[in-house]
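I open this notebook to keep track of what I look up in the structure, entry by entry. I begin with one polar contact, go on to charged pairs and cysteines, and end at the ligand.

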Amino acid sequence: MHMMRYTELAEFVARQIEAGELAPGTRLPTHRNFAEEHGVALATATRAYNELKRRGLILGEAGRGMFVRDPALPQTLGLEQHGSDGLIDLVFNIPGGQNDSEVLRAGLKRLAASGDLASMLRYQPHGGRPHERKIIASHLSSVHGPVDPDNLFITSGGQHGLTIAAMGLLQKGDAVGTDPATYPGFKSISALQGLSLFAVQGDEGVMDPDDLDRQCCKKQLKAIYVMPTVHNPFGTVMGEDARRRIADVAERHDLIIIEDSAYAFLETSPPPSFVDLAPDRTVHVGSFSKCVATGLRIGYLIFPDRWKSAASRVIRATTWNTPALISALVTHWIEDGTVAEFEAARRRLGAAGQKLCQEILAGIPMAAHENASFTWLPLAKGERAEPVIARLSGKGIAVSSAAPYAVGDAAPQAMRLAFGGISEQELRFSLEKVRDELAPCDCRTSP
Ligand SMILES: Cc1ncc(COP(=O)(O)O)c(C=O)c1O
């Protein structure tokens, strides 16, 4: 009888997964049962599973067994949009922790045991369930001043919050000031909504109030989009003085301030937010993606009374409501301290990554927040990012250029490394390769 080799066995299972016969999440037999089923030695079964793991088709969960992965997702845990297949992904910042599955399982169990479960099957108010809005508002009061739950809506993530601001408060052709490098998701909603983005000069994510003043006169800006607490991509925290001066300019020119706080939890003692300094003209976009999990798709919006019905209309037209299953899960996690634990874990992970960056990329210019899982590397004068990125890709590492972030004429020559979703070992390997590309020849390590 023909004895199957481990490669054949792995191929056999891979075909079943790729054909959809083994659906994502399916529990696979134990190594022993797998070996018995196919009449092979235990060592062969183990090698076949290892091969499937290496190919990213299955994954092991401690104490629970082996499961089929969703082949649509990259190995680094989240959504992949640029086809960096098989590469170590430093493009998308996808935070994840070792025991996320356990935390989710416990949260779902608790949810399943809660009363009036059937209410979650119904449509909800557009802005979310009132008691959950209250929980989120009081959670935020430790960072901002008191937040009135009447001025807070639950959204389906930060991107949805930006969409609500762009569609509800702005119109086609409106001019919006941003930093010269800004969050690409804001560029995409602006393009869809026909907004014109203008780069306001500044210092790595800290908008210059004087240039803002000039641009307001020249371009008739209607709004600005800012990330004052932990800017993406620079990681900067704008000082209080700059915030106050920008709020003054906004007041004089009647600007809407779109304030994005997706990464703000990384900073433990932030200056006052625009929503505190200029509450009548600020729409504050928050998200639980970076501090908890990207896949839950939940965030919140804080706004003054006058924008309430506009925000509600956009939610009605886009999602109707954020699923109550998700808002219930996350608000439980706020109440029992899980969100705070997630946030602290993300900060620790970011800080450890930054330490590695400092160690391995010593002497190379970088901009980053001390707790962030991303860093910005401006290239030396005359150096172009594209060939460096292509060479890194050849070494199995995907990084982003400045182009997706750039607003205005010329994208700076820089690279962004996001390491929220990769292992320490992968990060170390990647940083060493980056260093070998960027360090001046005389201090390059030997190959
Ligand atoms: C600055 C910033 N804002 C908003 C978002 C949107 O996040 P989400 O829609 O996942 O909440 C992101 C995601 O990367 C981001 O970096």
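Entry on R69. In this predicted model, I looked up the side chain of R69 and found that one of its polar atoms lies 2.6 Å from the backbone oxygen of G56. R69 itself is found in the loop between strand 2 (65-68) and strand 3 (88-90), and with a relative accessibility of 13% I count R69 as buried, because the limit for that class is under 20%.

Entry on salt bridges. I searched the whole structure and noted 18 salt bridges, from which I picked a few to read in detail.

I took D211 and R214 to begin with, whose closest N and O atoms are 3.4 Å apart in a salt bridge. Both residues belong to helix 8 (residues 209-219), and because they are three residues apart there, about one helical turn separates them. I also checked the accessibility of D211, which comes to 7%, so D211 counts as buried.

I then turned to E386 and R384, which form a salt bridge with 3.6 Å between the closest N and O atoms. For E386 I noted a relative accessible area of 58%, which makes this residue exposed, whereas R384 has 46% and is partly exposed.

Which parts of the chain does the pair of K395 and E437 link? The side chains of K395 and E437 meet in a salt bridge at 3.0 Å, N to O. This pair links distant parts of the chain, since K395 sits in the loop between helix 14 (385-394) and strand 14 (397-401), while E437 is in helix 15 (residues 424-438), 42 residues apart. I recorded the accessibility of each partner as well: K395, at 35%, counts as partly exposed, whereas E437, with a relative accessible area of 6%, is buried.

I closed this entry with a group rather than a pair, having found that E11, R15 and R55 are linked in a network of salt bridges.

Entry on cysteines. How many disulfides does a search of the whole structure find? The search returned zero disulfides. I looked at C217 in particular, and the nearest cysteine sulfur, that of C216, is 6.6 Å away, so C217 is in no disulfide, given that the two sulfur atoms would have to be within 2.5 Å. I compared accessibility for two cysteines: C217 is exposed, with a relative accessible area of 53%, whereas C291 is buried, with a relative accessible area of 4%.

Entry on the ligand. I listed the residues that surround the ligand and arrived at 13, the closest being G158, D260, S287, S289 and R297. Sorting this shell by residue class, I obtained four nonpolar, six polar and three charged residues.

I next looked up the distances from side chains to oxygen atoms of the ligand. A polar side-chain atom of S289 lies 2.6 Å from a ligand oxygen. For R297, an N or O atom in the side chain is 2.8 Å from an oxygen atom of the ligand, and for K290 the corresponding distance is 3.0 Å. As for how much of the ligand is covered, I noted that the ligand taken alone exposes 400 Å², of which the protein buries 91%.

Notes
Residues numbered from 1 in each chain as written. Predicted model: local features only at pLDDT ≥ 70, side-chain atom pairs only at ≥ 80, totals over all residues. Heavy atoms only, no water. Buried < 20%, exposed > 50% of the residue type's maximum accessible area, 1.4 Å probe, protein only. Helix = DSSP H or I, 4+ residues; strand = E, 2+ residues; numbered from the N terminus. Polar contact = N/O pair within 3.5 Å; in protein donor to acceptor, adjacent residues only side chain to side chain. Salt bridge = Lys/Arg side-chain N within 4 Å of Asp/Glu carboxyl O. Near = heavy atom within 4 Å. Areas by Shrake-Rupley, 256 points an atom, 1.4 Å probe, with all protein chains shown as cover. Nonpolar A, V, L, I, M, F, W, Y, C, P; charged D, E, K, R; others polar.
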